[in-house]
Amino acid sequence: MTARHDGPPADRATTAYLRALEVQLASADADLRAEVLAGIREHVADRLDELGHPPTSQEVSTILAEVGPPLEVAEAALGRASRRPRASAGRWVPLVYVVSSALGAALVLVVDTETGPPWTWPSGWALLVGAVVTLCVAPVWTSTEKIVGVLAGLGVTATGFMILAGAGTGAGGARSLAGLLAVLAALVVPAWFARRAWRRIPATMHRPPRASRC
Amino acid sequence: MEPGDDPVLSSLRRGAVEYCVLALLREREWYGLDIARRLSQDGILMNGEGTLYPLLSRLRRAGHVATAWQESTSGPPRRYYQLTASGREALDRFTTTWQAFRSAVDDVLCTQTEEP
């Protein structure tokens, strides 16, 4: 946003608000989304500019509360009637995503298909597919994040298999170590995306307090 | 309950607030923050200030308002909204319809009050 009296508290809070709004507007036409985001950005910048001094966190919170919850703005943009946030926008979504990714990667990459239980391979892939579906469907990530997340997941999984192939199948210890490294790599990417979603969900799920106008 | 949380009010807003924006722009150009302040000052016409921007976007895409950047004495340039000929026609149609609609509603409400 335009830097005027916007100090770090304003930057952080406004950026978080705009990201939450962008997520809620994910299904909107690109032009509409850009126009609404630009309008809100200018509005907040004007409000901050009127203060005439670096804003306090409380002042920024008040301004954003008067702009209204991102969900409410998004509903106005998408023409939907007011409704409660979908349950899939809860904080359990990034948790499910990261746990499914890690567990799926562990089952697919660590357990040897020849010596391990027969259910591990299909279960692992089912969990990985579930993680991808969660990432693509849940309204807590932007379209860009969904695309990058899927591509990064594919890349990490492929890298994991290459590490395993390099470790060979004969040496059990080397294979296990390579598998653990691959799982660790498979955990970092989902954890990063889950953290982004986790941090923005409170702003999308809970209506900030607003001063009475009447 | 705040006025903004009333579902009846929410339904009424959806059909009327965009024309209130057009009515504001009838006499002069306004920029977003001023429109938001004017319409949300009593909590009746608009609840959160942010809901104005989707509405302005729809009006611009419908050709009812146009935008222009203007220099400001107190900061960077501002995006001003102005009524177009199409917007003025839409406002005139709404004004005529609204007056008839309001009279009809008032008649029914008053009749029910006086003759239960």
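Buried means under 20% relative accessible area, exposed means over 50%, and partly exposed is what lies in between (1.4 Å probe, protein chains only). This is a predicted model, where local features need pLDDT of at least 70, side-chain atom pairs count only at pLDDT 80 or more, and totals for chains, interfaces and linings use all residues. Residues are numbered from 1 along each chain as written, chains are lettered from A in the order in which they are written, and side-chain values use heavy atoms, with hydrogens and water left out.

**Exercise 1. Place Val73(A): find its element, its burial class and its contacts.**

Step 1: Look up the element. Val73(A) sits in helix α4 of chain A, residues 70–78; helices here are DSSP runs (H or I, at least four residues), strands are E runs of at least two, and both are numbered from the N terminus.

Step 2: Apply the cut-off. Val73(A) has a relative accessible area of 0%, so it is buried.

Step 3: List the contacts (heavy atoms within 4.5 Å). Skipping neighbours within four places in sequence, Val73(A) touches residues of chain A, including Tyr17(A), Leu21(A), Val36(A) and Ile40(A), plus Gly50(B), Thr51(B) and Pro54(B).

Step 4: Check one C-alpha distance. Leu25(A) is 48 residues away from Val73(A) along the chain, and their C-alpha atoms are 8.9 Å apart.

**Exercise 2. Describe the interface of chain B and chain A, from its area down to a salt bridge.**

Step 1: Count residues. On chain B, 29 residues are in contact with 28 of chain A.

Step 2: Get the buried area, the accessible area (1.4 Å probe) that two parts lose on being put together, summed over both. That's about 2,300 Å² here, with 47% on carbon and sulfur atoms.

Step 3: Look for salt bridges (a Lys or Arg side-chain nitrogen within 4 Å of an Asp or Glu carboxyl oxygen). The rule finds six across the interface. One of them pairs Arg79(B) with Glu42(A), with the closest N and O atoms 2.5 Å apart.

Step 4: Sort chain B's side by element. Two or more residues each come from α2 (32–40), α3 (52–61) and β3 (75–83) of chain B, and α3(B) gives the largest share, six residues.

**Exercise 3. Sketch the fold of chain B.**

Step 1: Count elements. Chain B has four helices and three strands.

Step 2: Put them in order. Along the sequence they run α-β-α-α-β-β-α.

Step 3: Add burial. Of the 116 residues in chain B, 39% count as buried.
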